[in-house]
Structure formats: structure tokens, C-alpha cells
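Where does this fold leave empty space, and how do its helices pack? The report below takes the cavities, then the pocket, then the helix pairs.

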Amino acid sequence: MESIGNSRKLVIEGGQRIVDFDNKAFKPIPQAGIDLAVQAMNAGVMYRYQPKNKETSLTATLEHNFSKYMGVKHTVGTNSCGSAMFIALNIVGIQPGDKVLTNAFTFHAVPSVIQHARGEPVLVESNREWAMDPDDLDKKATETGAKILLMSYMRGHVPDMDAIMAVVEKHNLILIEDCAHAYATLWNGQLLGTFGEIGCFSTQSSKGLSAGEGGLFITNNDEHAAKAVLYAGSYERLWTKHYDLDAELMDRLQNQIPGYSMRMQEVTAAMLTPQIERLATIKKIHVENWDLLYSLLSHHPHIEIPKPLQQVDSFCDTMQFHLVDLSREQADSFIDLMKQEGIPMQIFGARRNARDYRQWEYIQAHQDELVDTIANIEFACDLSMQPHLTQENIRTMATVIEDVLRYITDQEA
Ligand SMILES: Cc1ncc(COP(=O)(O)O)c(C=O)c1O
């Protein structure tokens, strides 16, 4: 590969393309997961309650194993993280019109779930590192009297959890954690997803556990778990095919909770079965790649990469950075040129991005003037770094980013 700097021409300058990898390609399903899924399909056992008992149910076993991995009492598989969050909001007793505190910067699935549950999102500002601002949370909780906090660790960014938990206690908030992007992510040694009453994970393809679609609901609360099983769509005595449930509680609740048909299916669980133990290996690759890219780019005059707080141990499967001292047009052309060079990226606050709260027209709060969040997404680039990327690929990414920035700023000179 040609060296960094002015010596190499970009494709846009008539040079040769040097990117021969796809930074966004999804993680493959491990062969053992494919084999299990094929076995389930060959046997015609795709519905989670078809197996005779919990021991032979792939979904129940996955739930049991995820609970062990997370160190919690209960996991309930769902068909998406959105479903897990919807069930969570129902469990904590949301009523139509209830205000729900959530991140102004997250993916639109999150406000959508609040709308689905007929709640009203109250958007809390995000800081420079794209995590929730505890001061604004305190302010919005005081102003609105909202009692539920659905907090998203968007792109794995973790707020000051001590400060957040102090606000949660002060206002007696019910915390539901959206951990779609926060697998194997810790604050002071504690896994995210275990701070609130309920944690929700996604197993959609781009996530740490990846199976096309799917979700995992976790809790230490027996009654929440019982209700989650029923809301997901367990009827009659099918709950006997789950681990760790309280039979008396299930008997009592069985016909009191509607079933929303949000179950995980056996084929999804099959694909996920070998992936829990893969998480540590994948995280190691992510962290090494992230650290390398950080070291290559962090001193660039047009790039600002906020570092996580020192208490945070991240999964690092993506990198975000702010473009600084560039015009809107320059930032837009950066994205266009990066795509042409073979490294697609997005800016959160541009081009009707689904992570820009101003695009969520189905909620009232999309009209809020959230100056911090706007400032922090306007020039924020988002780069996917899937674990197949080698350190050589990361060096190439850095080279191309630097060269494209040079090209753009030279044009202006
Ligand atoms: C931050 C965040 N939360 C929740 C979700 C919802 O996940 P799912 O697609 O599994 O419903 C997503 C989806 O990408 C997400 O990005």
C-alpha cells in the first residue's frame, strides 16, 4: 500500500482504489449455529414451544445461558429489541400519554417504541461523546414529572453512570436500558443492562450478537420476567418450557397479561447459540482496531475523537468522530468521497438521518431546540468496524480518511 500523505492519488483524482474490504459487512453466523438452525428446520421445529421441554428448547437454553453470562436471574427471548423495550414499557405500567425520558440522540426505533406504547418521549440532551447528559436528565425529570427513563447507549457510548443513577434515585425513576449497542460494555466493572430494572438487547445483524432479527430482555425481578414471558406470547402452560420461572406467579398471572406475539423463534436461537462465547474474541479485535484507528487519526486537525470516561470498558464495534473546522458542504463532500473510495460513512445530523431527532416527525418533541445534541450530531461521522477487519485494513481506512480530508481542504485553498 502506498504511504499516507500526498504521494497517493485518490480514486477521485484518477488513482487506484486501495480499499478491498467492506467495513460494514455483517459478522458471519458461526458454522455451529448454521448447523443447529438447519437441524431445527430439517426436524420442522422452528417454533420455540415445539420442543418437549426447556432442556431441548434452543431458545430456553439460550435464555438460560445469556442470564448466566450477564449474571442476572432472567432472560426472555423476543423477536426484536424494539419488542423487548415495548414489553418493558408495558411491564412498568406505562399509560397512554405518560411521559418517557429518553435520549435525543439514538436510533429512531427507541422513540418509536415509546410511541407504540402510546407514551410521549421527552428528549434528553446528549453530550460531546454522544451519551446522555445527567444534568439535562435531572432538569427534564423535574420539569415533566416523568417516571420512566428508557436510556439508550447509542453506539456504545456510556454516560457518567454514577451521575445518571443519582438522578434516577433522586426522582425515583424506573430505568430501562437499551443495550442494543452495548454488549460486553462495563461501567466500573459492571455490565450495562444490569443497572436498571430491565435491560434490552438486539440481535439484529449489525449487533454484537447477530441473527438477522431478535431481542433479549433481561431482569432480576421475578414478576417482570413472568410478565415478559406472557407478553411475548406464551399461553396456557407453555411457560413450563422456560427456565427459572416461579410457578405460583405464572399460574396467577397466566391469563391476566395479553400476548403480543413477540417471541423469539428456534432458528434465531440456533444461530445465536455459539455466539455468546464469541463475544469476548470479537471485543478484543474491536478494541485493538479502535485503539489503532484512534492513534492514527486523533491528532488530525479536522478530526476530534472524544474518548470514553475512564470507568468505561467499551465494545468498540464502531467509531464516531467529529469533523471540525469544515463547512457543511465540505463535510457532505467528505461523506460522498469516502463512499467513492470504498468506505461508506454517515453523518448523524445530516441528510434526514434516522438518528437525528428532528426527523422523528411522529413525536411532538422533534420540534424541540436541543442545542447541545444538534451541535454534537451535526458533524459527527459514524464508521462501522466489523470484526473481520485486519489492522492493515484499519491503516488503509486511516490513510483514505486523511487523503480525502487533504483533497477537500486543498480544493478550498
Ligand atoms: C440504539 C438502538 N436501540 C434499539 C434498536 C432496535 O433494535 P431492533 O432492530 O432489534 O428492534 C436499534 C436498532 O438498530 C438501535 O440502533
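The lining of the largest cavity divides into seven nonpolar, five polar and three charged residues. This is a predicted model. The volume of the largest cavity is about 140 Å³. Its lining counts 15 residues. Nearest the centre of the largest cavity lie Arg 155, His 157, Trp 290, Ser 314 and Thr 318. Strand β12, residues 318-323, gives the largest share of this lining, with three residues. Domain 1 (11-28 + 279-412) and domain 2 (31-275) both contribute lining residues, so the largest cavity lies between them.

The second largest cavity has a volume of about 90 Å³. Three elements give two or more residues to the lining of the second largest cavity: α2 (58-70), β1 (74-78) and α7 (222-233). The largest share, four residues, comes from α2. The lining holds 14 residues. Glu 63, His 74, Thr 75, Tyr 243 and Asp 244 lie nearest the centre of the second largest cavity. By class, the lining of the second largest cavity splits into six nonpolar, five polar and three charged residues. Across the whole structure, a search finds three cavities of 30 Å³ or more.

**The largest pocket**

The largest pocket holds about 690 Å³ of space. Its lining is made up of 35 residues. Arg 155, His 181, Gln 204, Ser 206 and Lys 207 lie nearest the centre of the largest pocket. Arg 155 is also among the residues nearest the centre of the largest cavity. The pocket lining divides into 13 nonpolar, 14 polar and eight charged residues. Helices α3 and α4 and strand β14 (380-384) each supply at least two residues of the pocket lining. Where does the largest pocket lie with respect to domain 1 and domain 2? Both domain 1 (11-28 + 279-412) and domain 2 (31-275) give residues to the lining, so the largest pocket lies between them.

**Helix packing**

Two packed helices are described by the angle between their axes and the distance between the axes. Three pairs are set out here.

| Helix pair | Angle between axes | Distance between axes |
|---|---|---|
| α3 and α4 | about 40° | 9 Å |
| α5 and α6 | roughly 15° | within 9 Å |
| α3 and α7 | about 125° | 10 Å |

Take α3 and α4, which also help to line the largest pocket. Helix α3 spans residues 81-91, and helix α4 spans residues 109-116. Their axes meet at an angle of about 40°. The two helices are therefore oblique to each other. The crossing of α3 and α4 is right-handed.

Helix α7 also packs against α3, at an angle of about 125° and with the axes 10 Å apart. That makes α3 oblique to α7. Their crossing is right-handed. Helix α7 is one of the elements that give two or more residues to the lining of the second largest cavity.

Are α5 and α6 roughly parallel or roughly antiparallel to each other? Helix α5 covers residues 134-144, and helix α6 covers residues 161-171. Their axes cross at roughly 15°. Angles under 35 degrees count as roughly parallel. Therefore α5 and α6 are roughly parallel to each other. Helix α5 passes α6 in a right-handed crossing.

Methods
Residues are numbered from 1 along each chain as its sequence is written. This is a predicted model: local features need pLDDT of at least 70, side-chain atom pairs count only at pLDDT 80 or more; totals for chains, interfaces and linings use all residues. Side-chain values use heavy atoms; hydrogens and water are left out. On a 1 Å grid over the protein atoms alone, a cavity is a set of points where a 1.4 Å probe fits but cannot get out, and a pocket is an open set with protein on both sides within 12 Å along at least five of seven lines; lining residues have an atom within 4 Å of a point. Grid points are joined across faces, edges and corners, and a volume is the space filled by probe spheres set on the points. Ala, Val, Leu, Ile, Met, Phe, Trp, Tyr, Cys and Pro count as nonpolar, Asp, Glu, Lys and Arg as charged, and the others, Gly among them, as polar. Domain bounds come from an automatic or database domain assignment. Axes are lines fitted to C-alpha atoms, for helices over the stretch in contact, and angles run from 0 to 180 degrees between N-to-C directions. Angles under 35 degrees count as roughly parallel, over 145 as roughly antiparallel, 65 to 115 as roughly perpendicular and the rest as oblique. A crossing is left-handed if the near helix is turned anticlockwise from the far one by less than a right angle, and right-handed if clockwise.
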